[in-house]
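Got your viewer open? Let's walk through this one selection at a time, starting from a single strand and working outwards.

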Amino acid sequence: MTQPSPVSPELLTLLVCPNCGSALRARETDLECYACHRAYPVKEGIPSLLPDPPKGR
Amino acid sequence: MAEIELFSRWKEGQSHWDDDEFLASLHSLMRLRYKRLNARVAKILAEAFGSLRNPRLLDIGCGRGDFGAFLESQCLGAGWTYFGLEPSAEQLAHRVECGLPRHLVQGAAERLPFADMSMDGVLLKEMLDHCWDPGAVFRECYRTLKPGGLLVVTLTNDRSWFKRLLPGVNQRLKSTQHDHLHFFGPEELARTVAAARFDTPQLQTYNHLKLPRFLEKATALLGPLGQEALLEVGDALGRVLASDSGGGMLLKARRPLENRP
């Protein structure tokens, strides 16, 4: 049986993309942003939602 | 310093941080101060969350999740959900056991990966000076808190009486703290929080007692109760003599119930 989500549903509803602030959808092993489509890996149930480095000025 | 440079120093700093090493470096009086700080923060949260149903606490810079485990050890946190955010994968890999409902997330305080108005309390315990953009951190805390939600900040006081008395010692100490990107005194801290639209922040300092290291170590002879009493007297005197000059700062502020322009 495949696991439906790599994180709990309760957590998923509270998480947003650290780069654009949009909601995320769960895939088999990662979370994908609905808006900007960045993918965030999940390791041992811990999603990695680090932002991109700030742009240099 | 440019944001991009602060960011790269931030990345560098967290990869070197080691909770075990830090805790092992503390002598018994420092350890007691740390425990008292945890107890103070836990008490504030317990009072604030007392009347709430299933409150959510976000501990930013949670390291291995030690504070969640501390809450549990104090029989606090029943009915709460503990969210721990930490940038360091290394710390998260060494997470401690915790019986509370818990979610750990790898992320940065400047760009919180949590929805608007999702948290009842946000805790920034001894971490703000490691952030690359403290102003952004408070704006994110504000966004993530529910209206009326509580922000709790604890931080080393860069304007404590002994740092002002011995600026050379303070400078030497700072030169070894490569992972500290900012330093705050009470005024700056309260100003930075207020700039993020929080209600009037309440700030107090504690840990007024400070002795030369060999004397601090020697207080072990007093035993834990004696050391506790010593710190207690130090704080009582400090509050009267120089209330803003303790070694640590503790700030509470709330997101206003209604949005203001």
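This is a predicted model. Select residues 56-60 of chain B, which form strand E1. Five of the five residues there are buried, so the strand is largely enclosed by the rest of the structure.

Now turn on the side chains of E1(B). Which way do they point? Arg56(B), Leu58(B) and Ile60(B) go one way, while Leu57(B) and Asp59(B) go the other way. Both sets are buried, charged names included in the list: Arg56(B) and Asp59(B) are among them.

Next, add residues 81-86 of chain B, strand E2. E1(B) and E2(B) run parallel, joined by five bridges. To find your place along the pair, click Asp59(B): standing opposite is Gly84(B) in E2(B). How does the chain get from E1(B) to E2(B)? Select residues 66-73 and you'll have the link, helix H4 of chain B. The resulting β-α-β crossover is right-handed.

Go back to E1(B) and bring in residues 119-125 of chain B, strand E4. This pairing is parallel as well, with four bridges between E1(B) and E4(B). Here the residue to click is Ile60(B), which sits opposite Leu124(B) in E4(B).

Time to zoom out and show chain B as a cartoon: eleven helices and seven strands. Its radius of gyration is 18 Å, close to the 18 Å the globule rule gives for 261 residues, so chain B is as compact as a globular protein of that length. Along the principal axes, the C-alpha atoms fill a box of roughly 50 × 45 × 40 Å. Color by burial and 40% of the 261 residues in chain B come up as buried.

Methods
Residues are numbered from 1 along each chain as its sequence is written. Chains are lettered from A and ligands numbered from 1 in the order in which they are written. This is a predicted model: local features need pLDDT of at least 70, side-chain atom pairs count only at pLDDT 80 or more; totals for chains, interfaces and linings use all residues. Helices (H or I, at least four residues) and strands (E, at least two) are DSSP runs, numbered from the N terminus. The radius of gyration is taken over C-alpha atoms; the globule rule is 2.2 Å times the number of residues to the power 0.38. A residue is buried if 20 or more other C-beta atoms lie within 10 Å of its own, exposed if 12 or fewer, and partly exposed in between; C-beta atoms are placed from the backbone. Two strands pair if DSSP finds at least two bridges between them. A crossover is right-handed if, with the strands pointing away from the viewer, the path from the first strand over the helix to the second runs clockwise.
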